[in-house]
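Visitor: I would like a close look at one part of this model. Please take a single strand, say what surrounds it, and then go on to the empty spaces and the aromatic rings.

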Amino acid sequence: MIRRRTLALAALATPSLAMAQDRWPRRPITVIVAYPAGGANDIVARSVAEPMRAVLGQPLVIENRGGAAGTLGAAQAARAAADGYTLFMAAGAHTLAPALMRNLTYDIVTDFRPISRVAASSFMLVTRPDLPASDVPSLIALLRAAPGRYNFASSGAGAPPHLAAVLFQEMTGTRMEHVPYAGDTPALTDLAAGHVDLGFMSLSAVKALVDAGRLKALAVTDPARNPIYPAIPTVAEAGLAGYEIGTWWGLVAPKGTPEEVVARCNAAVVQALRAPEVLARFGELGITPVGSTPEEFATRIRDDVERFGRIVRSAGLSP
């Protein structure tokens, strides 16, 4: 009797350890990516999936759920069971959506448990190869000479590439037509084919097309030049002082996900970001590995929601 009671008390004393070691993960983990395959968000998710599998002992299965500037996939992830078997690769776009989209069915701040910011990158201002502009000043002159004649592609209405173009127009006094797509990949396909004129797209997504000469790169949107393209200026140094906008990607889980799962996922992300193959892949694409605590990531999400809200209001945009 005493032995049975002792064993029972011991079991009650270590529930967290039992969950972390014995209960999770016992089957594959789904990672929802709210954009089509081949885009920057998808590349980041797939890059860390394999090294995370090596740490967690279960595969991470990428599920692409594109549409509505990434909000459809986010809504699906927010509704998922909080058991650690559904994660979401959030992006900077999800902190902009509350300012630009009505009737969201989730709250990026309160409906998710942040795990870790995974990576960050710049946008690149690119044009179709035959657009008669060779740099930022000549592009501004072209747009000012024909208001509304030219258009820009984005990965979705309300996504950061959309806001990047809006800021550019506000700061230059130009006007373009917006052509939104359901992610980077279809937008870049039409841009490279000459169906649209320009776009502020994730550097990681445009790199192959720029290197192949299928897109013309004019500038990057970070405050400093990207080491992959040291000859390409920033938008600010090309003549638009104060212009700056970038993006990030990070893993979150539905609210209510146990602390043990969040902690173990965070450790797996941090370890995955040290893997040589991840560092090499990110380096090729101009992506910076980050890694953060859940608390640091939660602060970044809240701060970006507030920052983008101020920018949108300042630009006079409505949802």
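Guide: The model is predicted. About 240 Å³ of space lies in its largest pocket, and that pocket is a convenient way in to strand β9. The pocket is lined by 16 residues, and those nearest its centre are Ile245, Gly246, Thr247, Trp248 and Arg300. Strand β9 is among the elements that supply at least two residues each to this lining, together with β4 and α12 (294-314). Helix α12 gives the most, with four residues. By class, the pocket lining has five nonpolar, five polar and six charged residues.

Now the strand. Eight of the nine residues of β9 (residues 246-254) are buried, so the rest of the structure largely encloses this strand. Two pairings involve β9. Strand β3 (residues 86-91) runs antiparallel to β9 and is joined to it by four bridges; here Ala91 has Trp249 as its bridge partner. Strand β4 (residues 112-127) also pairs with β9 in the antiparallel sense, over nine bridges, and Pro114 stands opposite Val252. In a regular strand, side chains alternate between the two faces of the sheet.

Trp249 turns up again at an enclosed space. The structure holds one cavity of 30 Å³ or more, and the largest cavity has a volume of about 140 Å³. Its lining has 15 residues, with Tyr35, Ser155, Asp184, Ser202 and Trp249 nearest the centre. Strand β9, α3 (40-56) and α7 (160-172) each supply at least two of the lining residues. Nine residues of this lining are nonpolar, five are polar and one is charged.

Helix α7 leads on to the aromatic rings. The count of aromatic pairs comes to seven. One of them is the tilted pair of Trp24 and Tyr85, 6.4 Å from centre to centre with 55 degrees between the planes. This pair links distant parts of the chain, 61 residues apart: Trp24 is in the loop between α2 (15-23) and β1 (29-33), and Tyr85 in the loop between α4 (71-79) and β3. Both Trp24 and Tyr85 are buried. Phe168 and Phe200 have ring centres 5.4 Å apart and planes at 55 degrees, so this pair is tilted. Phe168 belongs to helix α7 and Phe200 to strand β7 (residues 198-202), 32 residues apart. Phe168 counts as buried at 1% relative accessibility, and Phe200 is buried at 0%.

Two further contacts complete the view. The charged end of Arg27 sits over the ring of Tyr85, 3.7 Å from its centre. Phe88, Tyr106 and Phe112 form one aromatic cluster.

Technical notes
Residues numbered from 1 in each chain as written. Predicted model: local features only at pLDDT ≥ 70, side-chain atom pairs only at ≥ 80, totals over all residues. Heavy atoms only, no water. Buried < 20%, exposed > 50% of the residue type's maximum accessible area, 1.4 Å probe, protein only. Pairing = 2+ DSSP bridges. 1 Å grid on protein atoms, 1.4 Å probe; cavity = no way out; pocket = protein on both sides within 12 Å on 5 of 7 lines; lining within 4 Å. Points joined across faces, edges and corners; volume = space filled by probe spheres on them. Nonpolar A, V, L, I, M, F, W, Y, C, P; charged D, E, K, R; others polar. Phe/Tyr/Trp six-rings, centres within 6.5 Å; stacked < 30°, edge-to-face > 60°. Lys NZ or Arg CZ within 6 Å of the ring centre and 35° of its normal.
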